[in-house]
Amino acid sequence: MEPFDPLRSMRFGVLAVAMSFMLLEYLIGRLAHHDVHDVRETAATFGVAAGHALIRGLEAAIVALPFMLAYEHRIFDLDAGTVAGAMLLFFAVDFIYYWHHRASHHVRWLWATHSVHHSPTRMNLTAALRLGWTANISGHFLFYLPLAFLGFHPFAIVAVLGANLAYQFFLHTELSPRFGLVEWILNTPAHHRVHHASDVECLDKNFGGTLILFDRLFGTFTEAPDGKPLAYGLRGGSASHHPLRIVFSEWSAMMGEARDVSTFRQKFAVLFGPVERRKASAAALNRPKAGEPSKPSARADASQQTNE
């Protein structure tokens, strides 16, 4: 008989709970005649999630080293085991998550990974599982590294961030009521639906994790437009149901544009410039020379599949 593995049991339990809620959402949607799933899209999402699960262990091993080094050179000793320390870490993680998330919508190098999460055209709990495989290549972990340097143990940081992300799983649904005054403080499905919407008035709004307070403080909060159903997915182009295309299409478009410009400054601007730069750079690449007819570019079309 195999020895009891609490970590493995916890992972199995989390998966079982997530699958149970996804099934419940599907059944409620069917009973309410509200079609919240597309079979091909859901299958593609599970493909992306399977790949993400396979590489997550390797990513954890790679990221552990800089966090432990930062913690060894910490400035303070901050104990997340106390009430005050736990509250401080909770707010610190949520604050950093807000700016990390906001940066992921504005810096193209970060958006190349985060765009995967915005590619579903249906808002349901399975969409929460569609995560990019290249987060650590993009350097997303660097946003949280200062917390270890300040004195929080890396395990505590991972635990609080994990709880933050687990909470967000339940935000990805259309089958949810409004929560009244609670919505002034907490992020809710209604707020997160706006964040995922590709309607122009909803773009780059509601970046919060557990809390919606930082969006209200920094001017990125908005409500859903009245009387208008929300559209989801990346702006421009057609949705793909191939996991590899979903994961790497934005990287491919970005690297292609970087190859097509000549100077280091131009390449840097393509890779690390604002997300909005994509349409401008694509237009410049396809601008015809004097006397030449204009020609469409598949790469330019691909690069416009964005939620900027």
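**Helix 8, D94 and the cores**

In this predicted model, helix 8 has P189, A190, H191, H192, R193, V194, H195 and H196 as buried residues.

Q: What makes helix 8 (residues 189-196) largely enclosed by the rest of the structure?
A: Just count: 8 of the 8 residues are buried, so the helix is largely enclosed. As for partners, those buried residues pack against helix 3, helix 4 (108-114), helix 7 (154-169) and helix 9 (213-218).

Q: Why is D94 called buried?
A: The cut-off for buried is under 20% relative accessible area. D94 comes in at 0%, so it counts as buried. This residue is found in helix 3 (residues 83-106).

Q: What makes the D94 and N164 side chains a polar contact?
A: The atoms have to be an N or O pair within 3.5 Å, one able to donate a hydrogen and the other to accept it. The D94–N164 side-chain pair sits at 2.7 Å, and it makes the list. D94 also touches G209, T210, L211 and F214. With F214, the C-alpha atoms are 8.7 Å apart in space, while the two residues are 120 apart in sequence.

Q: Which residues have the most contacts inside the largest nonpolar core?
A: Those are F67, L89, V93, Y144, L147, A148 and I157, in a core of 19 residues. Helix 3 gives the largest share, 5 residues. Y144 touches F67, V93 and I157, among others including I96, Y97, H100 and L161. There's also a second, separate core of 8 residues, with A112, M254, V270 and L271 among them.

Definitions and conventions. Residues are numbered from 1 along each chain as its sequence is written. This is a predicted model: local features need pLDDT of at least 70, side-chain atom pairs count only at pLDDT 80 or more; totals for chains, interfaces and linings use all residues. Side-chain values use heavy atoms; hydrogens and water are left out. Helices (H or I, at least four residues) and strands (E, at least two) are DSSP runs, numbered from the N terminus. Buried means under 20% relative accessible area, exposed over 50%, partly exposed in between (1.4 Å probe, protein chains only). Contact means heavy atoms within 4.5 Å. A nonpolar core is a set of buried Ala, Val, Leu, Ile, Met, Phe, Trp, Tyr and Cys residues joined through side-chain atoms within 4.5 Å. Lists of a residue's contacts leave out its neighbours within four places in sequence.
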